[in-house]
Amino acid sequence: MKLKTEPQVLKCMLAVNLNVNIWSAKRKLNPDDFVHSELPPESLASLGSKRICDPKTLRVFTTLKARAVNVLDKSGVRFLGGWAIPEAKAAEIVNSLDLIAEEFKHSKDKFMKNYDQAVQNWISDNPGWEKIIATSVVSADYVAERIAFNWQVFKVVNPTGRKKNLLEVGLQSEVNSLGNTLFGEVAKDAREAFNRSFMSKSMITRKALSPLKNIQQKLYDLSFIEPRVAPVASLIQSALDKIPSKGAISGTSLLMLNGLLILLNDTTALTKYAQEIIEGRSNDSVLDGLTKPNKAKKSSKASGINPPQNNNRLESLGLW
């Protein structure tokens, strides 16, 4: 039997797995914590948890994790429980993760140095409950083991050997869904950008263009994933090129951007237009159509933007 050709996308990408552990500062409530209260039997209800440290002292770790996720979301697409990133941008992404890791380590060292005092402060801040906190305090070593920031970058390849056809089924399914995943992420970003900066606005500042520029760059970097990705990146760039180079944005330019964001949020329509561009339709023709009144009316729902249509299965079109 002739073996299938390795998917071309795997040759252009790396996978990133992010592991960030953040101590919850919680311990399970015990019946002994309520010696003077009548509690239901365990078969009926279970006790919750108690905090043994001020959660504000741990917020920095959540913030740093969010920054790392943002770095990967900005340049990559969700894949195999992590992200697929362009191999060409791997060094830049790893450098960003390195900087976050350094800040995470510095914050951890600072937190651990002040851990004992932080617990004592929490006990003092909760008069009347000192005992149930103090009886559940854990050691600094225990906490240190539960705060960590790590990531792994690896190359994904098709399996080989006698069981290749059996082993590659799951991987091929994940690769085939990358286009759907990417356009779904674009729809989410477009919807958020519209609701945050464009909805009900008669004028916007140039700062509002940042989300569109980020979407365009992400699509450009990941254009190897699916044939219709590059035309969408090109369409966004054409729209940005039409915007006046200075000053606030209003009128026809704003109407065009509104229509573009609505289009980006509708994956069914978006892939249709992208296919038309592949077949010869010009970007200007698509953008001109977005400024027509009947197109603008698509944003009449309460949310200001059409709900995503993510049921369109993207075909490979011979890419893999």
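## A guided tour of the predicted model

The accessible surface of the protein chain comes to about 17700 Å², and 51% of that surface belongs to carbon and sulfur atoms. Please keep in mind throughout that this is a predicted model. With the whole chain displayed as a cartoon, you should be able to find 14 helices and eight strands. Of the 320 residues in the chain, 41% count as buried. Among contacts with a separation of 6 or more, 80% are made by residues 24 or more positions apart.

**First stop: strand β1.** Select residues 13-21, which form strand β1, together with residues 82-86, which form strand β5; the two pair in the antiparallel sense over four bridges. Within this pairing, look for L14, whose bridge partner in β5 is I85. Now add residues 148-154, strand β6, which is joined to β1 by seven bridges and also runs antiparallel to it. Here the residue to pick out in β1 is L18, whose bridge partner in β6 is W151. While the side chains are shown, remember that in a regular strand they alternate between the two faces of the sheet.

**Second stop: helix α2.** Select residues 59-75, which make up helix α2, and find T62 in it. Is T62 buried, partly exposed or exposed? With a relative accessible area of 46%, T62 is partly exposed, because a residue counts as exposed over 50% and as buried under 20%. If you then measure from the C-alpha atom of T62 to that of N21, the separation should be 9.4 Å, although these residues are 41 positions apart along the chain.

**Third stop: the nonpolar cores.** Select F79, L219, I236, L257 and L264, the residues with the most contacts inside the largest nonpolar core, which has 52 residues. A second, separate core has 37 residues, and L14, V16, L29 and Y115 are included in it. Returning to L264, you can display what this residue touches beyond four places away in sequence, namely V186, A187, A190, L212, V232, I236 and L270.

**Last stop: helix α9.** Select residues 210-221, helix α9, and go to Q216 within it. Which residues does Q216 touch, leaving aside those up to four places away in sequence? They are A233, I236 and Q237. With A233 on display, you can also follow a polar atom of the Q216 side chain to the backbone oxygen of A233, which lies 3.5 Å away. Q216 counts as buried because its relative accessibility is 11%, and the cut-off for buried is under 20%.

Note on methods:
Residues are numbered from 1 along each chain as its sequence is written. This is a predicted model: local features need pLDDT of at least 70, side-chain atom pairs count only at pLDDT 80 or more; totals for chains, interfaces and linings use all residues. Side-chain values use heavy atoms; hydrogens and water are left out. Buried means under 20% relative accessible area, exposed over 50%, partly exposed in between (1.4 Å probe, protein chains only). Contact means heavy atoms within 4.5 Å. Accessible areas come from the Shrake-Rupley method with a 1.4 Å probe; for residues, only the protein chains shown count as cover. A polar contact is a pair of N or O atoms within 3.5 Å; within protein, one must be able to donate a hydrogen and the other to accept it, and residues adjacent in sequence count only if both atoms are side-chain atoms. Two strands pair if DSSP finds at least two bridges between them. A nonpolar core is a set of buried Ala, Val, Leu, Ile, Met, Phe, Trp, Tyr and Cys residues joined through side-chain atoms within 4.5 Å.
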